[in-house]
Amino acid sequence: MATRPEIGNRYPRKIELDESLGTPGPSFLRVRPGGTPQVRPVSVRLMGTPDRDSILLLARHLPQEDLLFLHSDITQPAIVDEWLKSIETGTTVTLLAEPDGTLEGYASLHLSPARWTRKVGEVAINVAPEWQSRGLGEALCSEIVSLGRILELRKITAPMVAEHKSARAMFERLGFRPQAFLPDWVEDQEGRARDLLLMAYDLHPPERKAPASS
């Protein structure tokens, strides 16, 4: 299955970041309490084959800690080629964020062809260090939730290493809720066991049958 027209027609588009809510830093000016929000428009578009080298460059500049817990090593060209194939077949939709015209983050929605999970998608997000804690990851996740509605999904899941408290806080702000805690469930690229936290967002909670009356 290819990208649905509703998704193709949605992008490219602009999203807005209120930088007055971000963490203080040298790259932008904080707004004093009660001041005017600083809104920065950010271009978001769909990832495609021409983005291969840009993704590899972004991945190779991510902190090692961010790379430890990915499903696969996206610093490797062969892995990115597989990623692009999944986009072509429609089992993955990836959004690229380009503030100031440079790729600084991505968000992917992975879909399963299996019948029993075809209404469940999985989100993966990565943002360049200089854009973390500035709302870019949260804005990209909001876009993924919108895509989930377009695709008529029932749930979007977000698996993460349990110790990543900032990631959990971001997903909770967007309405994701913990579903399962699995001790020693995943192994990082250095061979260490880590606890897995599974969070999920209910787009269309399933209707439950009322118990039969006696």
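Here is a walk through the sheet of this predicted model, with stops at a threonine and a serine.

Start with the sheet itself. Eight strands, or 8 if you like digits, make up an open sheet with mixed pairing, and their order is 1-2-3-4-5-6-8-7. At its edges sit strand 1 (13–18) and strand 7 (177–187), each of which pairs on one side only. Going from one strand to the next, the twist averages 25°.

Now look at the strand 1 edge. Strand 1 runs antiparallel to strand 2 (residues 39–46), and 6 bridges join the two. If you want a spot to fix your eye on, take Lys14, which stands opposite Ser43 in strand 2.

Next, bring in a helix. Helix 4 (residues 77–89) packs on the sheet, where it touches strand 3 (92–98) and strand 4 (105–111). The direction of helix 4 makes about 115° with that of strand 3.

Strand 3 is also where you'll find Thr94. Its relative accessible area is 2%, under the 20% cut-off, so Thr94 counts as buried. What does the side chain of Thr94 make a polar contact with? One partner is the side chain of Trp83, at 2.9 Å; another polar contact, of 2.6 Å, joins the side chains of Thr94 and Ser108. Leaving aside neighbours within four places in sequence, the residues in contact with Thr94 also include Arg45, Leu46, Met47 and Ile87.

Last stop: Ser142, in helix 5 (residues 136–150). With a relative accessible area of 31%, Ser142 is partly exposed. Ser142 and Phe171 are 29 residues apart in sequence, and their C-alpha atoms are 9.7 Å apart in space.

Terms used
Residues are numbered from 1 along each chain as its sequence is written. This is a predicted model: local features need pLDDT of at least 70, side-chain atom pairs count only at pLDDT 80 or more; totals for chains, interfaces and linings use all residues. Side-chain values use heavy atoms; hydrogens and water are left out. Helices (H or I, at least four residues) and strands (E, at least two) are DSSP runs, numbered from the N terminus. Buried means under 20% relative accessible area, exposed over 50%, partly exposed in between (1.4 Å probe, protein chains only). Two strands pair if DSSP finds at least two bridges between them. Axes are lines fitted to C-alpha atoms, for helices over the stretch in contact, and angles run from 0 to 180 degrees between N-to-C directions. Contact means heavy atoms within 4.5 Å. A polar contact is a pair of N or O atoms within 3.5 Å; within protein, one must be able to donate a hydrogen and the other to accept it, and residues adjacent in sequence count only if both atoms are side-chain atoms.
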